[in-house]
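Work through the exercises below with the sequence and the structure at hand, and try each task before reading its solution.

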Amino acid sequence: MTHRLHGLYAITPETSTQPSPLSDQITAAIQGGARLVQYRNKGSDRERKSAEAKSLLAVCRSAQVPLVINDDLDLAAAIGADGVHLGRDDPDPRAARERLGPQAIIGVSCYDQLALAMEAEAAGASYAAFGSFFPSTVKPNAVRPAPELLSEARKRLRLPLVAIGGITSQNGALLIAAGADMLAVVTGIFAQPDIAAAARAYTTLFPKETPR
Ligand SMILES: Cc1ncc(COP(=O)(O)OP(=O)(O)O)c(N)n1
Ligand SMILES: Cc1nc(C(=O)O)sc1CCOP(=O)(O)O
Ligand SMILES: [Mg+2]
């Protein structure tokens, strides 16, 4: 199945003040309209990551929302996830495409560099991610592109564009107007008392889709 990459992209938090398990938090984000989920866990051991990723995959499958694994191509392949997100320290997108197949979602971090996105497109990526557009407590030292980078990327690339970094339901609209197809968010969803309502506030920023 080819996935349409549009709308809210929920990325799991590494630290949480939420009382509910991660799988319930993801269920709430999906209820609020998240269209893609990324399991991002930089700190846990293989066993814990594998167990968590499997439980999130079950939640995502029952909601027909694709699940992407951050960094870990082996884990994505082992559990049959829908794809992987890769950055500069991660495996090559060509290797990921070869391993996961033609339908897999292969996301690539491009930071503030259009040239990386052009390389990613040529390597068979499914989307290019740019950021951090605003200050982020998750990545305080990230580079800071201007929103105009999205407009430039829109002109030069066919790939769907993901914006990330410090995105709120207030500042997200300007990134969509500049050309973002998806807004990727951690804190603005998962550090909020009502996760479904927080997700919905982003979902309403996207123009309504007309059936094809
Ligand atoms: C959608 C999305 N965009 C960017 C990133 C960052 O990836 P990376 O630079 O590899 O950093 P880590 O997330 O691995 O710390 C992402 N995960 N998702
Ligand atoms: C994981 C990540 N990558 C970024 C990049 O710029 O590549 S910014 C970021 C953190 C996103 O979390 P929040 O929505 O809480 O700011
Ligand atoms: Mg990475």
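The exercises that follow concern a predicted model, and they go from the whole chain to two single residues.

**Exercise 1.** Decide whether the radius of gyration of the protein chain agrees or disagrees with that of a compact globule.

*Solution.* Begin with the length of the chain, which is 212 residues, and for which a compact globule would have a radius of gyration near 17 Å. Next, take the value for the protein chain itself, which is 16 Å, and therefore the two agree. The C-alpha trace, for its part, spans about 40 × 40 × 40 Å along its principal axes, and the chain holds nine helices and eight strands.

**Exercise 2.** Determine whether Ala76 is buried or exposed, and find which residues it touches.

*Solution.* First locate Ala76, which belongs to helix α3, covering residues 73-79. Then count its neighbours: Ala76 has 27 other C-beta atoms inside 10 Å, and because a residue needs 20 or more to be called buried, Ala76 is buried. Finally, leaving aside residues up to four places away in sequence, Ala76 touches Ile69, Ala81, Gly83, Val84 and Leu100.

**Exercise 3.** Determine whether Ala122 is buried or exposed.

*Solution.* Start again with the position, since Ala122 lies in helix α5, made up of residues 114-122. Around Ala122 there are 10 other C-beta atoms within 10 Å, and because 12 or fewer make a residue exposed, Ala122 is exposed. As a last step, look at Pro93, which is 29 residues from Ala122 along the chain, while their C-alpha atoms are 9.8 Å apart.

Technical notes. Residues are numbered from 1 along each chain as its sequence is written. Chains are lettered from A and ligands numbered from 1 in the order in which they are written. This is a predicted model: local features need pLDDT of at least 70, side-chain atom pairs count only at pLDDT 80 or more; totals for chains, interfaces and linings use all residues. Helices (H or I, at least four residues) and strands (E, at least two) are DSSP runs, numbered from the N terminus. The radius of gyration is taken over C-alpha atoms; the globule rule is 2.2 Å times the number of residues to the power 0.38. Two residues are in contact if their C-beta atoms, placed from the backbone, lie within 7 Å.
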